[in-house]
Amino acid sequence: MSHDAYNVIIIGGGAAGCFAAANMPAGVKTAIIEKNPVLMKKLAITGKGRCNLTNNCGVSDVLANIPKNAAFMRSGLSRFTPADAMAFFENELGVPLKTERGGRVFPVSDKSQDIINALKKRVTCEIIRSRAEEIIIRDNTAVGVKCENGEYYAEKIILATGGKSYPATGSTGDGYKIAEKAGHTITPIKPALVPIIIAEDLFAEGLSLKNVCLTLKKGGKTLFSEQGEMLFTDNGVSGPLVLSASCYVDNPEGCTLNIDFKPALDEKTLDARLLRDFAANKNRRFKNALSALLPERMIAAFINRSGISPEKRVNEITRNERLCLLNLFKNFSLTVKSLGSIDEAVITDGGVSVTEISPKTMESKLVKGLFFAGEVIDVIGLTGGYNLQIAWATGRAAAGNI
Ligand SMILES: Cc1cc2nc3c(=O)[nH]c(=O)nc-3n(C[C@H](O)[C@H](O)[C@H](O)COP(=O)(O)OP(=O)(O)OC[C@H]3O[C@@H](n4cnc5c(N)ncnc54)[C@H](O)[C@@H]3O)c2cc1C
């Protein structure tokens, strides 16, 4: 069955698709095809239900937080900056916003539903409840969408089906197949902003570390290094630092994570501190001499790695043993086994190759009238509101060039 023609069909009623619809010029007959009974299901769970919708920073800072294909995003983000996003939500949609630590922007109400409701009010177009399967292409031009329940025709199509992570929200990777069928290259799909599974069993589940420096290395090359918080899980590590580091793991083989437990102290200062502590505890056993320096639950793993007998008296520890200990404090290494599963990843790395999309208009370079917006594109952002900023900017660019 085929239906009346539209000017624009947007496939996917998530953040990017709805933002494109909300920015569609008046008079453009638009429809959103969404397979979920509700729009923006993933948006509801963003920022732990509070929706960290952008970051209150300049374009260059956003680009610095896009580990992959930042250059592609420069144009879109310069045309729709975080300041533009904040002005849009506050002034045009009437949602008061606040900025928290690290520039993270949230609605004052701390409710993602307020962002969703405000966007919904603006999205007045028709919603087609169906699953899109294929873009109908004639003479190298997108002319419609084949859905489970029939065919819909339009002059322009925006593909905004999201990624493959958190599939219960609707992002099940359909868009990759749809784009591939339309002739596009899909770069390898993998989880990003995801916990990392490690080979070692440190028995430290639930232990969280603050003010540590985490460095991801491969073959002697540093891929990521930052200070902040992380935690141990039953089979690996997670927390803000780890999620960011995961974006830089291309292939886990040969990757290590190195923890500096005392980033504020250089080796010389830390050695002096160790000497002082050891002098004050000289008659204690080694296993009882570390509690001022380490969380209790890390001590066993530390002692184990140091090779120093836990029963040894502190005044019997040799210089070499102390230097080995020092190295553990500054360079505690974990072997990366794999990334967590895509189902638990905050975002998906990989997608429609940016080499086949115009960075200014988000239009396909291969199929006329086909546009892309949001996570379906091969771009990833770190945590802090950058991924939604990417969704808004690409959705806006696609709508603005219809
Ligand atoms: C737990 C969690 C927390 C997050 N928190 C933040 C945060 O605080 N800040 C931030 O910037 N980012 C956050 N993100 C990332 C952010 O949510 C995504 O990057 C963003 O939602 C991507 O928008 P999108 O429109 O491209 O995709 P989505 O929001 O996933 O929307 C895609 C839509 O397309 C629909 N769809 C898919 N296939 C089809 C089909 N074949 N036919 C019809 N419809 C289809 C889906 O049902 C879905 O509604 C978070 C992600 C998760 C999982």
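A residue counts as buried when its relative accessible area is under 20%. D174 has a relative accessible area of 12% and therefore falls in the buried class. This is a predicted model. The protein chain contains 12 helices and 18 strands, and a ligand is surrounded by 33 of its residues.

**Overall chain**

- Of the 402 residues in the protein chain, 54% count as buried.
- Along the principal axes, the C-alpha atoms of the protein chain fill a box of roughly 85 × 40 × 35 Å.
- The protein chain exposes about 17,300 Å², and 48% of that area is supplied by carbon and sulfur atoms.
- Among contacts in the protein chain with a separation of 6 or more, 71% are between residues 24 or more positions apart.

**Ligand surroundings**

- The closest residues to the ligand are A16, E34, D174, E375 and L388.
- One polar approach involves D174: a nitrogen atom of the ligand lies 2.8 Å from an N or O atom in the D174 side chain.
- Polar backbone atoms are also involved: a ligand nitrogen is 2.9 Å from one in A132, and a ligand nitrogen is 3.3 Å from one in K35.
- On its own the ligand has 990 Å² of accessible area, and the protein covers 95% of this.
- Four elements each give two or more residues to the shell around the ligand: α1 (15-22), β2 (30-34), α2 (41-45) and α12 (386-400).
- Helix α12 gives the most to this shell, with three residues.

**D174**

- D174 belongs to helix α7, which spans residues 174-181.
- The D174 side chain makes a polar contact of 3.1 Å with the side chain of T172.
- Not counting residues up to four places away in sequence, D174 touches K35 and R131.
- K35 therefore appears twice in this account, because buried D174 touches K35 and a polar backbone atom of K35 is 3.3 Å from a nitrogen atom of the ligand.

**A21 in helix α1**

- A21 is found in helix α1, one of the elements that give two or more residues to the ligand shell.
- The relative accessibility of A21 is 10%, so A21 counts as buried.
- Leaving aside neighbours within four places in sequence, A21 is in contact with I10, I32, V123 and C125.
- I9 lies 12 residues from A21 along the chain, and the C-alpha atoms of A21 and I9 are separated by 9.3 Å.

**Strands β7, β8 and β9**

- Strand β7 (residues 132-138) and strand β8 (residues 141-147) run antiparallel and are joined by six bridges.
- Within this pair, R138 stands opposite T141 in β8.
- The two strands β7 and β8 form a hairpin with two residues between them, and D139 in the turn has a positive phi of about 50°.
- On its other pairing, β8 is antiparallel to strand β9 (residues 150-159) over four bridges, with G144 opposite Y153 in β9.
- A hairpin through two residues joins β8 to β9.
- Strand β8 is mostly covered, with five of its seven residues buried.

**The barrel and its helices**

- Strands of a sheet pair through backbone hydrogen bonds, in either a parallel or an antiparallel sense.
- Here six strands close into a barrel with antiparallel pairing, in the order β11-β14-β13-β12-β15-β16.
- Neighbouring strands of this sheet are turned by 45° against each other on average, with direction ignored.
- Within the barrel, β15 (residues 255-260) and β16 (residues 332-339) run antiparallel and are joined by four bridges.
- N258 stands opposite S333 in β16.
- Helix α11 (residues 319-330) packs on the sheet and touches β15 and β16, its direction making about 105° with that of β15.
- Helix α10 (residues 296-306) lies across β13 (221-232) and β16, running at about 105° to β16.

How values were computed: Residues numbered from 1 in each chain as written. Predicted model: local features only at pLDDT ≥ 70, side-chain atom pairs only at ≥ 80, totals over all residues. Heavy atoms only, no water. Pairing = 2+ DSSP bridges. Axes fitted to C-alpha atoms, helices over the stretch in contact; angles between N-to-C directions. Contact = heavy atoms within 4.5 Å. Buried < 20%, exposed > 50% of the residue type's maximum accessible area, 1.4 Å probe, protein only. Polar contact = N/O pair within 3.5 Å; in protein donor to acceptor, adjacent residues only side chain to side chain. Near = heavy atom within 4 Å. Areas by Shrake-Rupley, 256 points an atom, 1.4 Å probe, with all protein chains shown as cover.
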